[in-house]
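This briefing accompanies the sequence and structure shown below. It begins with one residue and then turns to aromatic rings, internal cavities and the protein as a whole.

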Amino acid sequence: MLKSNRYWRILGLLASCLIAFVTEVEAQESSINTFSPYSMYGLGEIHTPGTLPQRSMGGAGVALRSLSTINLLNPASYSVALPRSVLFNFGLEGMNNYLSQTQPDGSAKKSSYCTFNFHDIALQVPITKHLGAALSLIPYSSVGYRNYHRETIADVGLAEYDYSGEGDVTEVKLGVGWEIFKNFSIGVAGIYYWGDIDRNYTMKLFPYTGIGTYPSTVGLMNYSISRFKAQFGLQYSPIMDKKRLLTLGVVYDMGGDMKPLVSNSIVVNGTLPTQAHNNVNHLPLVLPHQLSGGVYYETIHFAVAVDAVYQRWGSSNPDGGEIATGGYRVEYCNTAILKAGVEWTPNRNDVRNFLKRWHYRAGFNYGFYHQTFGGERVPQYAVTLGFGIPVKFGGFSSVDVGFEYGCRGKDKLISEQVSMVKQQYFKFAVAFSLFGDDYWFVRPKYD
């Protein structure tokens, strides 16, 4: 009877989280969750995966096995779920983007933009001993930009282009992890992507003579995405005792063709608006095959994580890329990222000093963006800081706070007309990790 009640409570929690997922996504449909010229192509800007404790350690955590943190990077970690426990995580993130660019004529152009969005919702539950499952929802990528471009058309006049875009791709993942024998776990997850991305442009023509007018042209493009893919993970702990833990982890993402349904239309705004072009087709856009490997070493006071990630973008997507404003080419490329971080806990059992029970985190990551612009690779890096505040002495529930500073690109001419944009950003995030064995889901002893 008790087991039956426990399973009904777990199913109720799953249903509640699904309702929260739908409500949260609907609330975010009309908002811009990034503002970056690098989001003009493909699926836009890819968000950093993982819960806040992982992102505060540079985004590393493929080998993380924790009773208090859901590891969204490796489904094999779900096997660590304790019997009769529930772990729930909810995270929010705000970001300020600062963009700078030196124009071909030597003048400087700068802008900034702030966004705020949820980052992750996740639930982890045990199924049986050494077998656990997790359900999560995160924004996978976001598009948000507005750019201007001017060019001279011989014998006609000056053409002015206004490009804008917004939209998101959301990721839902359901996975299971199983410890098949002592200290060795495997995991598998099914991932579903869906979302809509809108990209528009307006062209206005101003004649040299100043006499007469030309109709403006408006281009409208919509990407509609709905696709599944799979993820597989392994974790092995060659060292595990009361004083230290060493875990190795590997994750493989299958990738796959997203086949977004793309609707294109061009409208000429003359005396009477005229639709000059309209078509619907599937765009050949492939998510990368991704291989991640990591090491996680933990003692009573100290933990360190190191990950290496390889993404095969260029070999999966068709050659040719897209022609960008200014005539240079945007193409996909294979890329690698290095992530590393540390966590320090002075004394988690200190009764008198609350600050000594906190978890202090720091990390960094470095790599290259998955697209080239005019043949130029785009370097990117980030440094992170954070801390976790325990909610209850001796419990696993916590409130986590994180900070991240990052930089992408370099202020450099890549064609006679266009300069690369340098993007700097600052993120502030807060997350709540609630563990079922504290007091959040405890059944009363007396009714």
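In this predicted model, Leu67 has a relative accessible area of 32%. This value falls between the 20% limit for buried residues and the 50% limit for exposed ones, so Leu67 is classed as partly exposed. The points below place Leu67 in the chain and then cover the other topics.

**Surroundings of Leu67**
- Leu67 belongs to the loop that runs between α2 (52–55) and β2 (87–102).
- Beyond the neighbours within four places in sequence, the contacts of Leu67 are with Val80, Leu82, Leu87, Phe396 and Phe435.
- Ser77 lies ten residues from Leu67 along the chain, and the C-alpha atoms of the two are 9.6 Å apart.

**Aromatic rings**
- Across the whole structure, the search identifies 20 aromatic pairs.
- One pair consists of Tyr366 and Phe368, whose ring centres are 6.0 Å apart. The planes of Tyr366 and Phe368 meet at 70°, and an angle over 60 degrees counts as edge-to-face, so the pair is given that description.
- Both members of this pair are partly exposed: Tyr366 has a relative accessibility of 40%, and Phe368 has a relative accessible area of 27%.
- A single aromatic cluster is formed by Trp344, Phe354, Trp358, Tyr360 and Phe387.

**Cavities**
- Five cavities of 30 Å³ or more are found when the whole structure is searched.
- The volume of the largest cavity is about 930 Å³.
- The lining of the largest cavity comprises 49 residues, and those nearest its centre are Ile46, His47, Thr48, Pro49 and Gln311.
- Sorted by class, the residues lining the largest cavity are 23 nonpolar, 15 polar and eleven charged.

**Overall architecture**
- The protein contains three helices and 22 strands.
- Of the 447 residues in the protein, 49% are buried.
- Among contacts with a separation of 6 or more, 66% join residues that are 24 or more positions apart.
- The exposed area of the protein is about 21800 Å², and 61% of that area is supplied by carbon and sulfur atoms.

Conventions: Residues are numbered from 1 along each chain as its sequence is written. This is a predicted model: local features need pLDDT of at least 70, side-chain atom pairs count only at pLDDT 80 or more; totals for chains, interfaces and linings use all residues. Side-chain values use heavy atoms; hydrogens and water are left out. On a 1 Å grid over the protein atoms alone, a cavity is a set of points where a 1.4 Å probe fits but cannot get out, and a pocket is an open set with protein on both sides within 12 Å along at least five of seven lines; lining residues have an atom within 4 Å of a point. Grid points are joined across faces, edges and corners, and a volume is the space filled by probe spheres set on the points. Ala, Val, Leu, Ile, Met, Phe, Trp, Tyr, Cys and Pro count as nonpolar, Asp, Glu, Lys and Arg as charged, and the others, Gly among them, as polar. Helices (H or I, at least four residues) and strands (E, at least two) are DSSP runs, numbered from the N terminus. Buried means under 20% relative accessible area, exposed over 50%, partly exposed in between (1.4 Å probe, protein chains only). Contact means heavy atoms within 4.5 Å. Accessible areas come from the Shrake-Rupley method with a 1.4 Å probe; for residues, only the protein chains shown count as cover. Rings of Phe, Tyr and Trp (its six-membered ring) pair if their centres lie within 6.5 Å; planes under 30 degrees apart count as stacked, over 60 as edge-to-face and the rest as tilted.
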